[in-house]
Amino acid sequence: MIEVDSEEERCTMNNLPEKTCSVERLVTIPADVERVLKGEKTATRRNGVYAYPDEIMVLDGKEFKIDKLYKQTLGEMTDEHAKQEGFANMEDYKQSILDLHPKMPWLPTMSVWVHEFSPVEK
């Protein structure tokens with residue numbers, strides 16, 4: 001195994017782009033924070049990279065580890081993906097996104113970064 005000294009080196013080795021924001025901004029909407037804390041939300045999709053695998057996100061004093069980071073188009077999403085986001089189905093998820101971004105059209109070809117996470121067991 002190759003040792004890396006910095007996040008930037010790990011990013012380059014894994015062919016991941018530079019972060020566009022920080023892990024602290026990954027989940028900020030109060031309803032989403034509640035879903036994460038209740039175990040109902042285990043992923044979030046963003047237009048950019050907010051965290052790399054193995055980074056830790058802290059919500060209300062509880063730690064969550066980023067397990068996976070990958071790209072996906074909105075059109076590839078299924079009801080199972082919507083459930084990862086804490087919604088009953090794709091239509092509920094889609095409506096919540098459009099409510100947050102009223103001028104944004106829902107484009108099935110739009111790529112997003114999926115950040116999957118899980119609680120850190122202590």
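**Exercise 1. Which charged end sits over the ring of Phe-87?**

Solution. The charged end of Arg-35 does, 4.4 Å from the ring centre. The model is predicted. A charge counts as over a ring within 6 Å of the centre and within 35 degrees of the ring normal.

**Exercise 2. Classify the pair formed by Phe-64 and Phe-117, then place both rings in the fold.**

Solution.
1. Start with the count: there are three aromatic pairs in the model.
2. Take the geometry. The centres of Phe-64 and Phe-117 lie 6.4 Å apart, with planes at 80 degrees. Pairing needs centres within 6.5 Å, and planes over 60 degrees apart count as edge-to-face. The pair is therefore edge-to-face.
3. Locate the residues. Phe-64 belongs to strand β3 (residues 62–73) and Phe-117 to strand β4 (residues 111–119), so the pair ties together parts 53 residues apart in sequence.
4. Check burial. Phe-64 and Phe-117 are both buried.

**Exercise 3. Classify the pair of Phe-87 and Tyr-93, and state the burial of each residue.**

Solution.
1. The ring centres are 5.8 Å apart and the planes stand at 65 degrees, so Phe-87 and Tyr-93 are edge-to-face.
2. Buried means under 20% relative accessible area. Phe-87, at 15%, is therefore buried. Tyr-93 is buried too, at 3%.
3. Widen the view: Phe-87 and Tyr-93 form one aromatic cluster with Trp-106.

**Exercise 4. Where is confidence lowest and where is it highest in the protein chain?**

Solution.
1. The chain averages a pLDDT of 90, and 89% of the residues score at least 70.
2. Helix α1 (residues 7–13) is lowest, at a mean of 47; helix α3 (residues 79–84) is highest, at 98.
3. Over residues 1–10, pLDDT stays under 50. Where pLDDT is low, predicted coordinates should not be read in detail.

Methods: Residues numbered from 1 in each chain as written. Predicted model: local features only at pLDDT ≥ 70, side-chain atom pairs only at ≥ 80, totals over all residues. Heavy atoms only, no water. Phe/Tyr/Trp six-rings, centres within 6.5 Å; stacked < 30°, edge-to-face > 60°. Helix = DSSP H or I, 4+ residues; strand = E, 2+ residues; numbered from the N terminus. Buried < 20%, exposed > 50% of the residue type's maximum accessible area, 1.4 Å probe, protein only. pLDDT = per-residue confidence, 0-100. Contact = heavy atoms within 4.5 Å.
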